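Here is a quick tour of the empty spaces and the charge pairs in one protein model. Have the viewer open and follow along.

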Amino acid sequence: MPAGQHGPGRSSASGRVDSRRPRIDEVLARSGVAFGTSGARGRVEQFGDPVCAAFTAAFLTVMRERGEVRQLVLGLDRRPASSPMAAACTAAAHAMGVEVIDCGVLPTPALALEAMAGGMPGIMITGSHIPFDRNGIKFYRPDGEITKADEQAIMAVSSALPECGPGERMPLSEHAARRYTARYTDWFPGQPLTGRRIGLYQHSAAGRALNRQVLQALGAEVVVLGRSERFVPVDTEAVSDADRRNGEVWARRYQLDALFTTDGDGDRPLLADERGHWLHGDIVGLLCARALGIQALAVPVSCNTAIEACSDFQRVVRTQIGSPHVLAGMERLGAQFDRVAGFEANGGFLLGTAVEENGRRLEPLPTRDALLPALALMVAAARADVPLSALMADLPARYTASDRLRDFPSERSRGLLNRWQEDGAAFQRSLGLPASVTALDTTDGLRATLANGDIVHLRPSGNAPELRCYAEADREDRARDLVSTALSNLAVLSG
């Protein structure tokens, strides 16, 4: 039987199930928690101690089938529920004889980097950008993110749930944060941001202190803004009107060269230019890939078509949305190209191969990262002595916008998309689109190309009961209008 798969009632640890304790797969099935596009996600009340313990035990069981596991590296975001969840995961690991290295609050890519560097599995407690009444768990193998096959193996573990002691946190280790900081202070030597004033919108981001340290180490004058002890669910694909206004006000008031923040767990960047205009994540990813000399890219189907139109890359592979799919695309490209990367429409950048420059080496980090793309753009602008907005001057005139309908049941979303994929005319009428549909792409959700070249893409969120809408046009205001019109009509349909 292949690794990670278990027959009915089989315990991968001992070969039998302890009938006195609940089975892990049964605990997970009853929880209602499911894997989305990035880790297991659910409501806070679904992540009780038994569920957190079951996920931890299942993950470690799958990892043990591939080699010895002595240590587990663990991190978390600033959500109120994350620390109790981390304690429950720690108790389960200890019950299985695994030492836990608790890195405390830190960005997800820093946790992933530490796991890879130490040859250890890792667990990150985070709901990323979703509201604070929800949370999640992300899992990392010693070689990077888990795959879809790993997710299935975790949910199928049928061992008895370990008998855990009281949940408690371990003394905090700062080694992972130091390693992540050094990754970028070493790669960008000589304080290249000297003379640049960078606004750092801290809110409740996991890496808010670390990001300040890195920016200052690179020579920037850092203006700290918007710090919050209440969790703020910043979504880099659906920037709030308040954050749009704040960006423009802050840039003008503090005479900023750039404004930077991340989502809650620090794997998705949000970067604004000198005018306080937030850049779309796929444009940030494109410009980062250009700065790194990337040859081949894997990106989700939702990303801007300027990626192909700019002709900077020898090969671009389009995938389903979600980092596991991007990683699979990057793996295929790695057999053909020396410099491979991927990114998502949210801006999270995945470096698939090492990059070398002037005797320095940037090691692969095949998970979403917010700091690399933001720094790459800020440093590129500083070295060229141009404003950040100038980096986009030669890109094709293709603009994207996105937003979502909250509390839109996934079943309803799927029903509508299934109906419309057979009837482009109904799709156009229902959403009030300005031109007829000439092509439909069902790679992930429903992506329609219109006769005038516009694109409208609908997709149920993999992390929450939301229906996301992406649009692309040759003008920014037109892209925003497409999203607004589509969502307004969808809201009527949902009623």
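## Ground rules for exposure

A residue is called buried under 20% relative accessible area, exposed over 50%, and partly exposed in between. Keep in mind that this is a predicted model.

With those cut-offs, Arg318 counts as partly exposed because its relative accessibility is 27%. Glu308 is partly exposed too, at 34% relative accessibility.

## The Arg318 pair

Those two residues form a salt bridge, with the closest N and O atoms 2.7 Å apart. The pair ties together distant parts of the chain: Arg318 belongs to strand 13 (residues 315-319) and Glu308 to helix 10 (residues 306-309), ten residues apart.

Arg318 also turns up in the story of Asp282, a residue of helix 9. Asp282 is buried but has no salt bridge, and the nearest side chain of opposite charge is Arg318, 7.0 Å away. A salt bridge needs a side-chain nitrogen of Lys or Arg within 4 Å of a carboxyl oxygen of Asp or Glu, so the 7.0 Å between Asp282 and Arg318 is outside the rule.

What does Asp282 touch, leaving aside its neighbours within four places in sequence? Its contacts are Ser302, Cys303, Asn304, Phe343, Glu344, Ala345 and Thr400.

## Other salt bridges

Side chains of opposite charge can pair when their charged atoms come close. In this model the count comes to 36 salt bridges. Some of them share partners, and one network built that way joins Lys138, Asp265, Asp267, Glu344 and Arg368. Glu344 is also one of the contacts of Asp282.

Here are two more pairs to click on. Glu68 bridges to Arg70, with the closest N and O atoms 3.0 Å apart, and both Glu68 and Arg70 are exposed. Asp77 bridges to Arg79, where the closest N and O atoms are 2.9 Å apart. Is that second pair, Asp77 and Arg79, buried or exposed? Asp77 is buried because its relative accessible area is 1%, and Arg79 is buried because its relative accessibility is 3%.

## The largest pocket

Rolling a probe the size of a water molecule over the atoms shows where empty space is left. The largest pocket has a volume of about 720 Å³. Its lining is made of 40 residues, and Glu237, Ala238, Val239, Arg244 and Ser402 lie nearest the centre. Two or more lining residues come from each of helix 8 (241-254), helix 9 (281-292), strand 19 (399-405), strand 22 (455-460), strand 23 (467-473) and helix 15 (476-494).

Sorted by class, the lining of the largest pocket has 17 nonpolar, ten polar and 13 charged residues.

## The second largest pocket

Go on to the second largest pocket, which holds about 510 Å³ of space. It is lined by 20 residues, and His277, Trp278, Leu279, Tyr399 and Glu476 are the closest to its centre. Helix 8, strand 19 and helix 15 each give at least two residues to this lining.

The class split for the second largest pocket is eight nonpolar, five polar and seven charged residues.

## A closed space

How many cavities of 30 Å³ or more does the structure hold? There are four. The second largest cavity has a volume of about 80 Å³. Its lining consists of Thr37, Ser38, Gly39, Lys138, Phe139, Tyr140, Glu145, Ile146, Glu151, Ser323 and Pro324.

Strand 6 (134-141) and helix 11 (323-334) each supply at least two of these lining residues, and strand 6 gives the most, with three. By class, the second largest cavity is lined by four nonpolar, four polar and three charged residues. Lys138, one of the lining residues, also belongs to the salt-bridge network with Asp265, Asp267, Glu344 and Arg368.

## One buried alanine

Finally, find Ala86 in helix 3 (residues 82-95). Ala86 counts as buried because its relative accessible area is 0%. Not counting residues up to four places away in sequence, Ala86 touches Leu74, Ile125 and Arg169.

For a sense of scale, pick the C-alpha atoms of Ala86 and Ala390: they are separated by 44 Å, and the two residues are 304 residues apart along the chain.

How values were computed: Residues are numbered from 1 along each chain as its sequence is written. This is a predicted model: local features need pLDDT of at least 70, side-chain atom pairs count only at pLDDT 80 or more; totals for chains, interfaces and linings use all residues. Side-chain values use heavy atoms; hydrogens and water are left out. On a 1 Å grid over the protein atoms alone, a cavity is a set of points where a 1.4 Å probe fits but cannot get out, and a pocket is an open set with protein on both sides within 12 Å along at least five of seven lines; lining residues have an atom within 4 Å of a point. Grid points are joined across faces, edges and corners, and a volume is the space filled by probe spheres set on the points. Helices (H or I, at least four residues) and strands (E, at least two) are DSSP runs, numbered from the N terminus. Ala, Val, Leu, Ile, Met, Phe, Trp, Tyr, Cys and Pro count as nonpolar, Asp, Glu, Lys and Arg as charged, and the others, Gly among them, as polar. Buried means under 20% relative accessible area, exposed over 50%, partly exposed in between (1.4 Å probe, protein chains only). Lys and Arg count as positive and Asp and Glu as negative; His and the chain ends are not counted. Contact means heavy atoms within 4.5 Å.
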